Amino acid sequence: MTLIDATQTSAWEKLSQIAKTFQPDLAAWFESDPNRCERLTFQAAELHVDLSKNLITPEVEAALIELGKTVELEAKRDAMFAGEKINTTENRAVLHTALRRPNKDTLRVDGSDVIPAVHEVLGQVYDFAEKVRDGRWVGVTGKPIETVVNIGIGGSDLGPAMVYEALKPYVKPGLECRFISNIDPTDVAQKTAYLNPETTLFIIVSKTFTTLETLTNARLARDWLLRKLKEQGAPSGTDAIKAHFVAVSTALEKVADFGIDTANTFGFWDWVGGRYSVSSAVGTILAVALGKENFADFLNGLNAVDTHFATTPLERNVPALMGLLNVWYVNFMKATSHAVLPYAQSLHRFAAYLQQLTMESNGKGVRLDGSPATSATGEVFWGEPGTNGQHAFYQLIHQGTQLIPADFIAVANPAYALQDGTTDVHSLFLSNFFAQTKALAFGKSEAQVRAEGTPEAIVPARVFAGNKPTTSIMAPALTPSVVGQLIALYEHITFTQGVVWGINSFDQWGVELGKELAIQIAGAVCGDEQILAAQDQSTKALISYYLANRIPSVD
Ligand code: F6P
């Protein structure tokens, strides 16, 4: 694949010229074009996506699409779907899309068809999940499982935790899932509190099975389990570990060393990146919680948007258009962040999940050939569910000095249809969704503020400039399929941006240095004077403060 410097293309030049004199006026654009909304509303599977409140004119739209074509977005997308080794620094294919393809498909990578392998593991995951759900899988004392605890971090935590929260109404009644990720001992301590070891099952999820946080937490969980079982006079040896621990990993030997039966280890492949892995065996806890049918629906949802991305012309290709729009905001409108605001309480972990997906993927300063990036890359993604965000940070989006494009996400049908007297609460909730995107787009003029009788001195403070860009995404309901569709949508938005910037969206070398130093510094923190002396002033002082203030634990 050729690396094309987007900044040297005529489409980029056009966008730069447009940006120089760009005066957004959404009110006038809607006024002069009665078809604007229809023209800029698209469908990707069940996602109804309204781009009309973005700061784009037909001229910008055309130049963005031209940019996508010039950087060979379509050919690069096809290369990813075909299993070419586009993750060049790790010499790996990028095939999370293969994880959700139907059994009848074929896809040859390095000479072998990966689809049968994907479905073989999926079959193992489903068998295991069904056994836990129907009580055939029992703990060491013969009791069925009531709590499943996922231990993983990054992609081995965020995806499963986010989807579990999003689909709680689909979780098998009586089954509870917990997620331990942080190496802060508080996490293990609080998440194992009051659990019954006899009915608890741990899933250790780590692609590499070397991650410090996950392995430390797994050992703490194993100690906790064996100690508690012993206290209760229950068997607390290797059989207990086998009955209460399973793993998801690509490193079978390391799993066996931990004491987990490799027959209860669900594998995946080096062509699945951590942050793209929720549709692999990493989602085992979801298969247990939601059941086979719902998990299959989730995968079908992902596949539906994959298919849309793979086959729809750029002019109507939702992830491509949203990715190109993000490029417009970052590179030409100088936006540095992007808000994602779900009007669905169940999506309360969606922004956290997206932060890894987008920022670990596109937070890169060098291009595919190792040369420095030629433009800004990787905006900060953040957000909270509406309406909570409205009462916290929306002020800055409405009246602050920074441009913050925002994606608003809502579903027509709530999981819980509650009435407040005669008022349908979901309708009231969504009135806020509609109102906020309207207020951000059209604002409130000085004349309107004055006409309300506002004292002159505070008129400026009460004016809303408008022209704050938003995308509205709606779906019929937050089903397993729709959650899958949302994930695939953002995966491909991320891919599109990475292609324009000419970076590798699939490696993550930037997380390595901190990991290495932490291991080194652990020596100093544990009392090695030499390592402490070798630190820089500030680090030395901070460690010294820690050592001086730490009260040794009684154990
Ligand atoms: O933070 C870096 C990272 O490698 C992520 O990309 C990954 O999701 C996470 O660590 C966990 O890695 P593993 O699944 O190998 O434990």
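Okay, so let me start with a pocket: helix H7 (158-166), strand S12 (406-413) and helix H17 (425-442) each put at least two residues into the lining of the second largest pocket. This is a predicted model, by the way. H17 is the top contributor there, with three residues. The volume of that second largest pocket comes out at about 470 Å³. It has 20 lining residues, and Gln345, Ser346, Pro414, Ala415 and Tyr416 sit closest to the centre. By character, the lining splits into 14 nonpolar, five polar and one charged.

Now, what about the largest pocket? That one has a volume of about 980 Å³. Its lining counts 39 residues, and the ones nearest the centre are Thr208, Thr211, Gln508, Glu512 and Lys515. Helix H9 (212-231), helix H15 (350-362) and helix H21 (512-525) are the elements giving two or more residues to it. H21 has the largest share, five residues. And the chemistry of this lining: 14 nonpolar, 15 polar and 10 charged.

Last thing, a helix pair. Helix H1 (residues 10-20) packs on helix H14 (residues 318-332) at about 60°, and their axes are 11 Å apart. Oblique starts below 65 degrees on that side of perpendicular, so H1 and H14 are oblique to each other. The crossing of H1 past H14 is right-handed. Who touches whom? On the H1 side you've got Trp12, Leu15, Ser16, Ile18 and Ala19, and on the H14 side Val327, Trp328, Asn331 and Phe332. That contact is made up of seven nonpolar residues and two polar ones, with no charged.

Conventions: Residues numbered from 1 in each chain as written. Predicted model: local features only at pLDDT ≥ 70, side-chain atom pairs only at ≥ 80, totals over all residues. Heavy atoms only, no water. Axes fitted to C-alpha atoms, helices over the stretch in contact; angles between N-to-C directions. Helix = DSSP H or I, 4+ residues; strand = E, 2+ residues; numbered from the N terminus. Parallel < 35°, antiparallel > 145°, perpendicular 65-115°, else oblique. Left-handed = near helix turned anticlockwise from the far one by under 90°. Contact = heavy atoms within 4.5 Å. Nonpolar A, V, L, I, M, F, W, Y, C, P; charged D, E, K, R; others polar. 1 Å grid on protein atoms, 1.4 Å probe; cavity = no way out; pocket = protein on both sides within 12 Å on 5 of 7 lines; lining within 4 Å. Points joined across faces, edges and corners; volume = space filled by probe spheres on them.
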